[in-house]
Amino acid sequence: MQKHGTITSDNHSALWHGRFKEGPDAAAVAFETSIFDDMRMAMVDIEGSIAHARMLAKVSLISADEERAIVDGLVSIKNDLLCGKDSGGNPFKVDDSAEDIHSFVEAALTDRIGEPGKKVHTGRSRNDQIALDERIYLKHQIKMLRKELLSLVDVLADLASKHKSSLIPGFTHMQHAQPVTLAHHLCAWAWMFTRDVCRLGDAYKRVDVSPIGSCALAGSGLPLDREFEASLLDFSAVSANSLDSVSDRDYYLEVASALSLVQMHLSRACEEIVLWSTTEFGFMELSERWSTGSSIMPQKKNPDFAEIIRGKTGRVYGDMLALFTMMKGIPLSYDRDMQEDKHSFFDSYDTVLSSVRIFTQMVSTATWNTRRMAELCDGGFLNATDVADYLVRKGMPFRTAHGVSARLVRRAIELGCKLEELPFEEYKSQSELFEDDIFDLILPQNCVDVRRTLGGPAAQMVQRQIDSLKSFVSENAVEKSQSQDDEWDLIFENYYKK
């Protein structure tokens with residue numbers, strides 16, 4: 001029976017109760033339940049059960065009437081969960097006293113349609129059922145995160161297009177190195193995220209394999225049609241080995257690794273944002289929407305959101321390590337240790353998804369102090385390499401030219417001036433190859449303009465990068481629009497994360 005639209009453990013025994021004369025202690029049930037983690041896969045479990053019922057009818061393990069009753073019952077459960085009420089207007093939600101999401105759905109179905117509901121588990125185990133749920137759910141998660149990353153790449157490409165002439169000092173070892181442009185730097189961020197998109201897409205291929213029909217570990221003696229059920233669920237392939245199908249979680253581990261890389265890239269960019277927004281750098285100012293103040297110092301405007309993203313990176317790494325540690329000593333096939341996979345993975349995924357979204361908004365609303373950035377390119381000897389390159393173009397070996405430039409830098413330090421302010425006689429004293437044009441060629445803008453190698457900071461080369469980034473977004477957006485299910489976006493936002 002239903003109690004206020006919620007299936008309770010008092011009304012339904014565990015799916016495995018037949019072997020036992022008495023149930024486990026209440027504290028034991030509370031300890032071993034996974035419902036608080038896997039309740040977010042309720043819609044996935046329903047989707048898988050609908051496909052399973054259709055397969056069972058196809059191979060005549062249930063009748064057409066039973067199939068119709070099961071499918072209609074499952075659809076009604078889905079709709080009621082989404083709106084939070086059953087057909088009678090009573091509150092309806094996942095019962096958090098259930099052992100797992102499979103138990104809840106099957107109990108709710110049996111309550112609604114009676115005996116046919118007991119047939120939905122024919123030819124499957126919770127072992128292959130949870131592996132199926134995880135894979136369906138993960139496919140949609142990957143699509144959603146790729147969508148957000150593509151949006152971020154697009155934003156960075158748009159910003160870069162506005163700053164192809166905005167000079168900024170490039171750094172190595174956090175020391176002034178060579179002048180580049182803000183566009184070049186923003187493109188560097190964007191290319192990191194394109195690789196994240198590709199990594200997730202590559203991992204998707206290995207997630208997109210159906211385990212259903214593997215049962216507990218040894219397949220089934222019933223005439224199941226695994227390929228048909230996989231096709232109903234839009235899987236590209238069926239797993240090759242039933243034992244392997246239920247005993248590994250490498251799909252979670254692989255995606256968790258990709259998530260860690262996404263968060264690492266975000267963290268590195270946030271580290272630069274924190275530095276760039278300081279008074280000492282003064283390169284950028286974050287919008288007040290993405291800043292906070294101090295409880296004691298009225299003047300403060302803190303880059304808290306960038307710092308939080310940076311701080312959450314350790315959390316994502318910890319979730320990944322938890323998953324790897326969980327799996328390292330588990331014998332084949334399924335062991336209950338694997339129940340812990342969802343908590344770590346969901347936490348990691350939610351953290352990364354929210355971080356990407358916040359970062360995108362934070363960067364897109366920032367303002368950039370291009371004058372300050374250009375000022376810091378003037379001085380600091382960022383043009384020392386260009387002095388050496390000048391001599392190389394006149395035939396001097398680079399190692400020799402490097403020494404000449406280094407001595408000129410040392411002399412400029414002694415005189416307290418910049419390389420472009422050093423008397424021409426100083427240049428001539430180091431090499432007769434120097435001419436008056438050296439002073440024009442080592443101006444910061446010219447140092448950037450001359451770097452026209454592929455991937456370089458010259459405006460035309462950066463424009464090629466921007467065009468490539470835009471093409472990447474467009475090509476992957478076409479793929480997304482063909483496969484992205486808008487209903488799943490809605491379900492994820494409105495239900496899974498409640």
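**Figure 1. Gly311, an exposed residue of helix H11.** With a relative accessible area of 53%, Gly311 counts as exposed in this close-up, which, like the views that follow, is drawn from a predicted model. Gly311 belongs to helix H11, the element that spans residues 304-327. Between the C-alpha atoms of Gly311 and Ser267 the distance in space is 7.9 Å, although 44 residues separate the two in sequence.

**Figure 2. The largest nonpolar core and the surroundings of Trp189.** The core shown here contains 84 residues, and Trp189, Phe345 and Phe359 are those with the most contacts inside it. Two or more of its residues come from each of the helices H3 (42-58), H6 (126-162), H7 (182-207), H10 (250-276), H11 (304-327), H12 (341-364) and H19 (459-483). Helix H6 supplies the largest share of this core, namely 18 residues. When neighbours within four places in sequence are set aside, the contacts of Trp189 are with Leu156, Ala269, Glu272, Ile273, Trp276, Phe359 and Val363. A second core, separate from the one just described, has 27 residues, among them Ile50, Ala53, Leu81 and Val120. As general background, nonpolar side chains in soluble globular proteins tend to be buried together.

**Figure 3. Gln141, a buried residue of helix H6.** Gln141 is placed in helix H6, the helix that gives the largest share of the 84-residue core. Its relative accessible area is 1%, and Gln141 is therefore classed as buried, the limit for that class being under 20%. Leaving out residues up to four places away in sequence, Gln141 touches Phe345, Phe346 and Tyr349. Of these partners, Phe345 is also listed among the residues with the most contacts inside the largest nonpolar core.

**Figure 4. The second largest cavity and its lining.** Two cavities of 30 Å³ or more are found when the whole structure is searched, and the second largest of them, the subject of this view, holds about 30 Å³ of space. Its lining is made up of Asp45, Ser49, His102, Val105, Glu106, Val120, Arg124 and Gln129. By residue class, the lining comprises two nonpolar, three polar and three charged residues. Helices H3 and H5 (101-113) each contribute at least two residues to the lining of this cavity, and the largest share, three residues, is that of H5. Val120, one of the lining residues, is also included in the second nonpolar core of 27 residues.

**Figure 5. Phe104, a buried residue of helix H5.** Phe104 is located in helix H5, which also supplies the largest share of the lining of the second largest cavity. With a relative accessibility of 1%, Phe104 counts as buried, because this value falls under 20%. Phe104 and Ala42 lie 62 residues apart in sequence, and the distance from C-alpha to C-alpha is 8.8 Å.

**Figure 6. Cysteines Cys215 and Cys377.** A disulfide, in general terms, is a covalent bond between the sulfur atoms of two cysteines, and the structure holds zero disulfides. Cys215 is buried, with 9% relative accessible area, and is found in the loop between strand E3 (209-210) and helix H8 (226-232). The phi angle of Cys215 is near 55 degrees, a positive value in a residue other than glycine. Cys377 takes part in no disulfide, and the nearest cysteine sulfur, which belongs to Cys447, is 9.4 Å away. This distance does not meet the requirement for a disulfide, because the sulfur atoms of such a pair must be within 2.5 Å. With a relative accessibility of 4%, Cys377 counts as buried.

**Figure 7. Backbone geometry at two loop positions.** The peptide bond that leads from Leu332 to Ser333 is cis, with omega near 10 degrees, and Ser333 is situated in the loop between H11 and H12. Phe381 lies in another loop, the one between helix H13 (370-375) and helix H14 (384-393). For Phe381, phi is near 60 degrees, which is a positive value in a residue other than glycine. Phe381 has a relative accessible area of 23% and is therefore partly exposed, since partly exposed covers what falls between under 20% and over 50%.

Technical notes: Residues numbered from 1 in each chain as written. Predicted model: local features only at pLDDT ≥ 70, side-chain atom pairs only at ≥ 80, totals over all residues. Heavy atoms only, no water. Core = buried A, V, L, I, M, F, W, Y, C linked by side-chain atoms within 4.5 Å. Buried < 20%, exposed > 50% of the residue type's maximum accessible area, 1.4 Å probe, protein only. Helix = DSSP H or I, 4+ residues; strand = E, 2+ residues; numbered from the N terminus. Contact = heavy atoms within 4.5 Å. 1 Å grid on protein atoms, 1.4 Å probe; cavity = no way out; pocket = protein on both sides within 12 Å on 5 of 7 lines; lining within 4 Å. Points joined across faces, edges and corners; volume = space filled by probe spheres on them. Nonpolar A, V, L, I, M, F, W, Y, C, P; charged D, E, K, R; others polar.
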